[in-house]
Amino acid sequence: MIGTDALQGMVLELRDEMSQYRHQFGTRRNEFITEAMSCGMSEKEARSYAIQSIGPVVPVECMPTLAPGKTRPLSPLLAARYRYAGGWKDIGEHLLLPAEVLRIARTEQFRGWISDMRNYWVESAPYRFGDDRLSLLSVANEEAGHFSMLVWKEPGEEPEVWTYASQHEYRFSHLLHWFKWLNGRSEE
């Protein structure tokens, strides 16, 4: 369990990390365009994908899980994320609002992806935890199953973030470490 003072410091640090991620968009955009063009994409097409869109803050009181009708209360770090911005798209990363989590979690494609992980990816989050302990945080590529999931291991604790991309899994002990990873400074 994280102490109150430490948690307050983590909330402030998370806000700084989110601001850094937001304000370093120009650098990430230029790197993305250069890489996309080197792979054969036209500059116009690359620029059409290289966007940042941050929606206004909306009140969020709880986080839907993958179990229909089940929610989890926002942890202090999740509450700080939703006090910072609403929906947030940044090139390929789309940080979701609860309504978007519900929409995606109901799709046949996503349910198939969860089922496949439960059946074939030993130690994945869906293999180890029930739907009531899992939620979506972000989507990088819905078709390819590139998602970041929230994993509630213990009640009252910060959920972990487990990211799945290109048959790789990355685990972070909480949202702050995930944002540090997005900013290129992984601590885990």
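Select L7, M10, V11, L14, R15, M18, S19 and R22 in α1, then add P76, L77, A80, R81, R83 and Y84 in α4: these two groups meet each other. By class, this contact of α1 with α4 holds 9 nonpolar, 1 polar and 4 charged residues. The model on screen is a predicted one.

**The α1 and α4 pair**

Two packed helices are described by the angle between their axes and the distance between the axes. For α1 and α4 the angle is about 35°, and the axes lie 10 Å apart. Their crossing is right-handed.

Keep α4 selected and colour it by accessibility. How many of its 9 residues are buried? The count is 7, so α4 is mostly covered, where buried means under 20% relative accessible area. The buried residues are L77, L78, A79, A80, R81, Y82 and Y84. L77, A80, R81 and Y84 also belong to the contact with α1.

**The α1 and α8 pair**

Return to α1, which spans residues 4-23, and show α8, residues 175-182, beside it. Here the packing angle is about 25° and the axes are 9 Å apart. Why are α1 and α8 described as roughly parallel? Angles under 35 degrees count as roughly parallel, and the value for this pair is about 25°; α1 and α8 are therefore roughly parallel to each other. Their crossing is left-handed.

To display the contact, pick M10, E13, L14, E17, M18 and Y21 of α1 together with L175, L176, F179, K180 and L182 of α8. These residues divide into 8 nonpolar, no polar and 3 charged. M10, L14 and M18 appear in this contact, and M10, L14 and M18 also take part in the contact with α4.

Now look at α8 by itself. Of its 8 residues, 7 are buried, and the helix is mostly covered. The buried set is L175, L176, H177, W178, F179, K180 and L182. Step past the helix to G184, which follows α8 and has a positive phi, near 85°.

**The nonpolar core**

In soluble globular proteins, nonpolar side chains tend to be buried together. The largest nonpolar core in this model has 48 residues. Which of its residues touch the most other members? They are F110, L175, W178 and F179. At least two residues of this core come from each of α1, α4 (76-84), α5 (98-105), α6 (108-120), β6 (134-141), β7, β8 (160-165) and α8.

Centre the view on F110. Neighbours within four places in sequence aside, F110 is in contact with L66, I104, A105, L136 and F147.

**H146 in β7**

Next select H146, in strand β7, which covers residues 146-151. Is H146 buried or exposed? It is buried, because its relative accessible area is 17% and the cut-off for buried is under 20%. Beyond the residues up to four places away in sequence, H146 touches V139, A140, N141, Y164, A165 and S166. Add G92 and draw a C-alpha to C-alpha distance: H146 and G92 are 54 residues apart along the chain, and their C-alpha atoms are separated by 10.0 Å.

**Two loops with positive phi**

From G92, go to I91 in the loop between β4 (88-90) and β5 (93-95). Phi of I91 is near 55°, a positive value in a residue other than glycine. I91 is partly exposed, with 22% relative accessible area.

Then select E123, in the loop between α6 and α7 (125-128). Its phi is near 80°, again positive in a residue other than glycine. With a relative accessible area of 40%, E123 is partly exposed.

**Last stop: E35**

Finish on helix α2, residues 25-38, where E35 is placed. E35 counts as exposed because its relative accessibility is 56% and exposed means over 50%. Show A46 as well: E35 and A46 are 11 residues apart in sequence, with a C-alpha to C-alpha distance of 9.0 Å.

Conventions: Residues numbered from 1 in each chain as written. Predicted model: local features only at pLDDT ≥ 70, side-chain atom pairs only at ≥ 80, totals over all residues. Heavy atoms only, no water. Helix = DSSP H or I, 4+ residues; strand = E, 2+ residues; numbered from the N terminus. Buried < 20%, exposed > 50% of the residue type's maximum accessible area, 1.4 Å probe, protein only. Contact = heavy atoms within 4.5 Å. Axes fitted to C-alpha atoms, helices over the stretch in contact; angles between N-to-C directions. Parallel < 35°, antiparallel > 145°, perpendicular 65-115°, else oblique. Left-handed = near helix turned anticlockwise from the far one by under 90°. Nonpolar A, V, L, I, M, F, W, Y, C, P; charged D, E, K, R; others polar. Core = buried A, V, L, I, M, F, W, Y, C linked by side-chain atoms within 4.5 Å.
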